[in-house]
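Here is a short report on how one protein chain is put together. Take a look at the sequence and the structure first.

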Amino acid sequence: FKLARFWAKIILVGMGFRWTIESEQTPEPSKSYMFIANHTSMADIMLMLVSVKNPFVFVGKAELAKIPLFGFFYKRTCILVDRSSAKSRQAVFLRAQNRLKSGLSICIFPEGGVPDEAIMLDEFKDGAFRLAINHQIPIVPITFADNKERFSYTFFSGSPGRMRVKIHKFIPTEGLKTEDTKPINEQARNVILNQLMVFDKN
């Protein structure tokens, strides 16, 4: 994980990006968390590694592991999922549970993919929130403001510049049950959406 963080910093700096991180609350080193963020760019993974010091694993698309060099680090910090396979999606929960039991945290981009350019923030899928409730770990919403502008999935787009990160107050899950998944999902999405609108004005 430390090697991956170092690699991410080198890549971002080498591409001319500079980042600022504002934190409303800081994760404790000895605890596990569910980190979630909006997903707009190929740089999201690197920026997440830079922004969060607690060792974590991504739950992410298996096809990204095929990218040269990037895939090397991605496979080592990721639980790979084939979204076209129900069996693969189900197996993710078992692997994530094992990582949480070992003291690691989990990172999921709950939109489930990169939304259309016109969509500021897509609807969130329930997996991250159900997993957090099952393990009674805090949810940490994180907002990435400028990644689409810096380095989007559109070829030949992007430019050097700032990347703003906001780590929000944690959303506790102690005492919650499976039926609380949807309200927590909506609460977390509103936190990120509201911050995106604030960033959009600045």
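## Helix H1 and its two sides

In this predicted model, the buried residues of H1 are Ala4, Arg5, Trp7, Ala8 and Leu12. They share one side of H1, because they cover an arc of only 160° around the axis. A general rule helps here. An α-helix has 3.6 residues a turn, so residues three or four places apart point the same way.

What does the other face of H1 carry? Turned away from the buried side are the exposed residues Lys2, Leu3, Phe6, Val13 and Gly14. H1 itself spans residues 2-14, which makes 13 residues. From first C-alpha to last, H1 reaches 18 Å, close to the 18 Å expected at 1.5 Å a residue. Glycine 16 follows H1. The phi of glycine 16 is positive, near 85°.

## The chain as a whole

Now step back. The protein chain holds 7 helices and 7 strands. Along the sequence they follow the pattern α-β-β-α-β-α-β-α-β-α-β-α-β-α.

The protein chain has 202 residues, and 48% of them count as buried. Take the contacts with a separation of 6 or more: 72% of them join residues 24 or more positions apart.

## The sheet

In what order do the strands of the sheet lie? The order is E1-E7-E6-E2-E5-E3-E4. This is an open sheet of 7 strands, and its pairing is mixed. Strand E1 (17-23) and strand E4 (78-81) stand at the edges. Each has a single partner strand, so one side of each is left without a neighbour in the sheet. On average, neighbouring strands are turned by 20° against each other, direction ignored.

Strands of a sheet pair through backbone hydrogen bonds, either parallel or antiparallel. Both senses occur here. Strand E6 (residues 139-144) pairs with strand E7 (residues 161-167) in the antiparallel sense, over 3 bridges. In that region, isoleucine 142 stands opposite isoleucine 167 in E7.

## Strand E3 and its partners

Strand E3 covers residues 56-61. Is E3 mostly covered or mostly open? E3 is mostly covered, with 5 of its 6 residues buried.

E3 runs parallel to E5, and 3 bridges join the two. Phenylalanine 56 stands opposite serine 105 in E5. E3 also runs parallel to E4, this time with 4 bridges. There, valine 59 has isoleucine 79 in E4 as its bridge partner.

## An enclosed helix

How many residues of helix H2 (residues 44-51) are buried? The count is 8 of 8, so H2 is largely enclosed by the rest of the structure. The buried residues of H2 include Asp44, Met46, Leu49 and Ser51.

## Helix H5 against the sheet and H7

Helix H5 (residues 127-135) packs on the sheet. H5 touches strand E2 (34-37), strand E5 (105-108) and E6. The direction of H5 makes about 160° with that of E2.

H5 also meets a second helix, H7 (residues 181-201). Two packed helices are described by the angle between their axes and the distance between the axes. The axes of H5 and H7 come within 9 Å and cross at roughly 120°. The crossing is right-handed.

Which residues make this contact? From H5 come Phe129, Arg130 and Ile133. In H7 they meet Thr181, Ile184, Asn185 and Ala188.

Terms used. Residues are numbered from 1 along each chain as its sequence is written. This is a predicted model: local features need pLDDT of at least 70, side-chain atom pairs count only at pLDDT 80 or more; totals for chains, interfaces and linings use all residues. Side-chain values use heavy atoms; hydrogens and water are left out. The expected span of a helix is 1.5 Å times one less than its number of residues. Buried means under 20% relative accessible area, exposed over 50%, partly exposed in between (1.4 Å probe, protein chains only). The arc is that of the directions from the helix axis to the C-beta atoms. Two strands pair if DSSP finds at least two bridges between them. Axes are lines fitted to C-alpha atoms, for helices over the stretch in contact, and angles run from 0 to 180 degrees between N-to-C directions. Contact means heavy atoms within 4.5 Å. A crossing is left-handed if the near helix is turned anticlockwise from the far one by less than a right angle, and right-handed if clockwise.
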